[in-house]
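Here is a short report on a ligand and the protein around it. Please look over the sequence and the model before reading on.

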Amino acid sequence: MKLNRNDNIVFFTGAGMSAESGVPTYRGSGGIWNEYQWEEYACERAFRNNPNNVLDFHELRRIEALKCKPHAGHFRMKGIEDKYPNTTIITQNIDGMHQRSGSKNVIELHGSLWRMRCESEGTIHEDLENGKYSNRYCECGNFQRPDIIWFQDMLDEKIINNTIFTITACSLFISIGTSASVWPAAGFPKLAKQSGAYCIEINPEETELSSIYDEVIREKAGRGLELCLEKVQY
Ligand code: APR
């Protein structure tokens with residue numbers, strides 16, 4: 001496959017993309033959900049029952065993310081974005097690592113650890129200091145929650161529609177480091193395939209969706225991306 005300057009390219013990333021930077025994945029060895037029960041830390045019900053517990057958990061996630069830096073693969077992706085203006089990164093990651101490497105066109109399907117939201121007022125605050133909460137409360141007196149999609153939350157409809165529109169129009173879909181086990185994100189590789197995109201999976205492990213891809217690269221994100229770009233004559 002030879003890329004043209006105006007091709008629509010989608011990078012679809014999951015926790016494995018950040019793993020090479022040192023951010024733990026959710027599943028598999030060292031995965032966050034092996035150590036923590038999501039029912040206690042990552043759902044609306046847990047937040048209602050014990051907000052400080054849930055906020056402590058997310059504060060820890062931010063402090064850990066700040067210790068990590070984007071890796072060569074993130075910067076390579078930014079280079080592709082610069083060369084091919086119709087490139088979109090659709091990420092399930094909430095750690096902001098793509099933006100830290102300079103990427104601009106990023107759709108955050110599951111929100112961001114770096115924003116706080118007041119449910120009562122519908123307002124977003126970005127008032128975190130070095131990953132720590134400067135104030136857990138909104139001015140209205142209610143707890144703020146991280147502006148992320150927890151288990152059992154609905155995804156933002158506008159974001160989903162934008163994602164579907166972008167994937168339907170892409171000619172190259174490169175998935176990196178996702179187990180593709182959480183819906184609706186898990187449906188996006190199939191949508192890309194059905195829409196006629198050339199689909200490549202980069203993941204050291206087989207996933208439930210591996211068989212639908214045109215090519216699979218069994219490598220870690222950084223090296224996998226290098227091999228992938230050789231194949232698409234970047
Ligand atoms: N490079 C590429 N892929 C890797 C690497 C690496 N260095 N290390 C691990 N992987 C792969 C694993 O093989 C696995 O398939 O990354 C994948 C990580 O899977 P998950 O931990 O399930 O992460 P993800 O798919 O992003 O999870 C989706 O689930 O818990 C929710 O909301 C959370 O956004 C998250 C969603």
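The sections below cover the ligand site, its polar contacts and two backbone features.

## Model and site

The model is predicted. Its ligand sits in the largest pocket.

Two domains frame the site. Domain 1 is made of 1-22 + 71-110 + 155-234, and domain 2 of 24-67 + 112-148. Both give residues to the shell around the ligand, so the ligand lies between them.

## The shell

The ligand has 22 residues around it. Those that come nearest are Ala-15, Arg-27, Trp-33, Thr-178 and Ser-179.

By class, the shell splits into nine nonpolar, nine polar and four charged residues. Which element gives the largest share of the shell? Helix 1, residues 15-19, does, with three residues.

## Polar contacts

Two contacts use the protein backbone. A polar backbone atom of Gly-16 is 3.3 Å from a nitrogen atom of the ligand. At Gln-92, a polar backbone atom is 3.1 Å from a ligand oxygen atom.

A side chain also takes part. His-110 places a polar side-chain atom 2.9 Å from an oxygen atom of the ligand. Taken alone, the ligand exposes 740 Å², and the protein buries 90% of that area.

## Backbone features

Most residues other than glycine have a negative phi, and most peptide bonds are trans. Two places in this model depart from that pattern.

Trp-183 and Pro-184 are joined by a cis peptide bond, with omega at about 5°. Where is Pro-184 placed? Pro-184 is in the loop between strand 9 (172-176) and helix 9 (188-194).

Gln-152 has a positive phi, near 75°, and is not a glycine. Gln-152 is found in another loop, between strand 8 (145-148) and helix 8 (157-168).

## In brief

The ligand lies between domain 1 and domain 2, in the largest pocket. Polar atoms of Gly-16, Gln-92 and His-110 face ligand atoms at the distances given above. The backbone points to check are the Trp-183 to Pro-184 bond and the phi of Gln-152.

Conventions:
Residues numbered from 1 in each chain as written. Predicted model: local features only at pLDDT ≥ 70, side-chain atom pairs only at ≥ 80, totals over all residues. Heavy atoms only, no water. Near = heavy atom within 4 Å. Polar contact = N/O pair within 3.5 Å; in protein donor to acceptor, adjacent residues only side chain to side chain. Areas by Shrake-Rupley, 256 points an atom, 1.4 Å probe, with all protein chains shown as cover. 1 Å grid on protein atoms, 1.4 Å probe; cavity = no way out; pocket = protein on both sides within 12 Å on 5 of 7 lines; lining within 4 Å. Sits in = over half its atoms within 2 Å of the grid points. Helix = DSSP H or I, 4+ residues; strand = E, 2+ residues; numbered from the N terminus. Nonpolar A, V, L, I, M, F, W, Y, C, P; charged D, E, K, R; others polar. Domains from an automatic or database assignment.
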